[in-house]
Number of protein chains: 2
Amino acid sequence: MRPGPRRSLTHAEILDAAFDLLEAKGFAAVSVRGVAGSLGITPTALYTYYPSKNALLRGMVEHLLARLDLGTLTEADSAEVGVAAVRARLVRIALSLRELLAGHAGALGLIMSGPLDGPNAMRLNETLLEQFCATGLSLDDAARAAYALQVYALGSIALESAEVDVESDAATSDPLIVTDASGAALWTDLARFPMSEQTMTLVAERNSTAQFAWGVERLLAGLIG
Amino acid sequence: MRPGPRRSLTHAEILDAAFDLLEAKGFAAVSVRGVAGSLGITPTALYTYYPSKNALLRGMVEHLLARLDLGTLTEADSAEVGVAAVRARLVRIALSLRELLAGHAGALGLIMSGPLDGPNAMRLNETLLEQFCATGLSLDDAARAAYALQVYALGSIALESAEVDVESDAATSDPLIVTDASGAALWTDLARFPMSEQTMTLVAERNSTAQFAWGVERLLAGLIG
DNA sequence: ACCTGAACACCGTTCAAGT
DNA sequence: ACCTGAACACCGTTCAAGT
């Protein structure tokens, strides 16, 4: 309507609008045009604030991680209760991270927009390093362990979002007929996979928080000597 | 040029063309128009073979998993050497899966196009279930463990691809200046993250196969009683 | 059944121009 | 500095029409 350096948007306002769009209409709706439109500016104006769509996405990751609750651990806890308290806190952090990412549809697309090297990502990493070191791990092993825990949390989100994302597609095709690698239609012979068949009911609910917590506990059991 | 039911493409030909495109020009180049163009047909003709781009992507996942080497384990091995042999095979499967996915740029985008429920995905799952059961795990725990292992492998790929994908972006901006959640420019005060600073050299190479194998070993240590 | 060509409603990004 | 409007080179998908 009227050009000129009238009012200035803050980055926080832009990121909030982007998250509103993400939650309301999904990852695909988070376009330069879409975000700009919801802010009442033209797409090109958005390039004043972020040099590319990827930069906007990376800003969203930091905005999200800023809300990550890393919890607390008093000195008394770490001194007295020992590794058990530290381990409990690590589980809490992992659960918070998963909840934060699972709560936003398409958050994985955000994470994959670039390396986790922003201030808030480093704050998370630093906390994990501290906790793993507190269990007696060397700094090197703590670094590997912190990475492994983030790998597990992100992989969990990746697999979960893959299973949710396709409702409409799956509904239109017969679930008993499947197309193999060469394109030939065939019956998915569940008898060929007897164990998978038996665990299918478990599989149906394996993406729950409980399954995630189970995996994190097992991973920590392997990581912490 | 000339319409009509002249020659018929196989699904394998289409998927091969799609993978050529993926390896040559990245995930973004795997478009309906791009794949069709490289096959010498129009975009609409491709919809004869796959009802949507997502279906094409899911076909690519199955095509990829068909090439996954699940290895072998003789009965003598499992009977005599016990869990050690099974565990070694699980590590080999995990490494094969990672290598397969890491070898194709943007493979994670493929995986996230839908649930891993194709025949080859089930073949992988069934093998993992067998192996975990062979270590003495209950069927329920084996199912959770198999899922956890896939979570770890996929998370590893997700984090790796996030760190590679942004070379051009990172090169154009000063790595010492960073934009925080509210958009204010600030120095990334590495002194605020002393442990992360110390482990940065390790971080630089932590995406290697060795780091992945380390994590898988630790995870298995936690999973297998 | 398999294909074409045109069209619809979108993308990210660039550029000259306005205030 | 911040913004607009037009443009470029793309998307996935649908539809009527041809053989």
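Here a trainee and a mentor talk through how two chains of a predicted model meet and how they are related.

Trainee: How do you know that chain A and chain B are in contact?

Mentor: The test is heavy atoms within 4.5 Å. By that test, 72 residues of chain A are in contact with 72 residues of chain B.

Trainee: What makes up the area that chain A and chain B bury between them?

Mentor: Together they bury about 6,300 Å², with 70% of it on carbon and sulfur atoms. Helices H1, H4, H7, H8, H9, H11 and H13 and strand E1 of chain A each give two or more residues to the side that touches chain B. H9(A) gives the most, with 20 residues. That side of chain A divides into 36 nonpolar, 22 polar and 14 charged residues.

Trainee: How many salt bridges and polar contacts are there between the two chains?

Mentor: Between chain A and chain B the count is zero salt bridges. For polar contact, there are ten residue pairs with both residues at pLDDT 80 or more.

Trainee: Then where is a salt bridge found, and what makes Arg58(A) and Asp117(A) one?

Mentor: The search of the whole structure finds six over all chains. A side-chain nitrogen of Lys or Arg must lie within 4 Å of a carboxyl oxygen of Asp or Glu. In the pair Arg58(A) and Asp117(A), the closest N and O atoms are 3.1 Å apart, so the pair meets the 4 Å cut-off. Arg58(A) sits in helix H4 and Asp117(A) in the loop between H7 and H8, so this salt bridge ties together parts of chain A that are 59 residues apart in sequence.

Trainee: Why is the relation between the chains called a two-fold axis?

Mentor: Chain A superposes on chain B after a rotation of 180° with 0.0 Å of shift along the axis, at an RMSD of 0.0 Å. That is the relation of a two-fold axis. Of the residues of chain A, Gly155(A) comes closest to the axis, its C-alpha being at 1.7 Å.

Trainee: How do you know that the copies meet through the same surface?

Mentor: Of the interface residues of chain A, 100% are also interface residues in chain B, so the copies meet through the same surface.

Trainee: What makes residues 31-50 of chain A worth a look?

Mentor: UniProt, in an unreviewed entry, places the feature "DNA-binding region" there. Over residues 31-50 chain A is 60% helix and 0% strand, with the end C-alpha atoms 13 Å apart. The UniProt annotation "domain: HTH tetR-type", also from an unreviewed entry, covers residues 8-68 of chain A. Over residues 8-68 the chain is 66% helix and 0% strand.

Definitions and conventions. Residues are numbered from 1 along each chain as its sequence is written. Chains are lettered from A and ligands numbered from 1 in the order in which they are written. Side-chain values use heavy atoms; hydrogens and water are left out. Buried area is the accessible area (1.4 Å probe) that two parts lose on being put together, summed over both. A polar contact is a pair of N or O atoms within 3.5 Å; within protein, one must be able to donate a hydrogen and the other to accept it, and residues adjacent in sequence count only if both atoms are side-chain atoms. Helices (H or I, at least four residues) and strands (E, at least two) are DSSP runs, numbered from the N terminus. Ala, Val, Leu, Ile, Met, Phe, Trp, Tyr, Cys and Pro count as nonpolar, Asp, Glu, Lys and Arg as charged, and the others, Gly among them, as polar. UniProt positions are given in the numbering used here, feature names are shortened, and annotations may be inferred rather than shown by experiment. Copies are superposed by least squares on the C-alpha atoms of residues with pLDDT of at least 70 in both.
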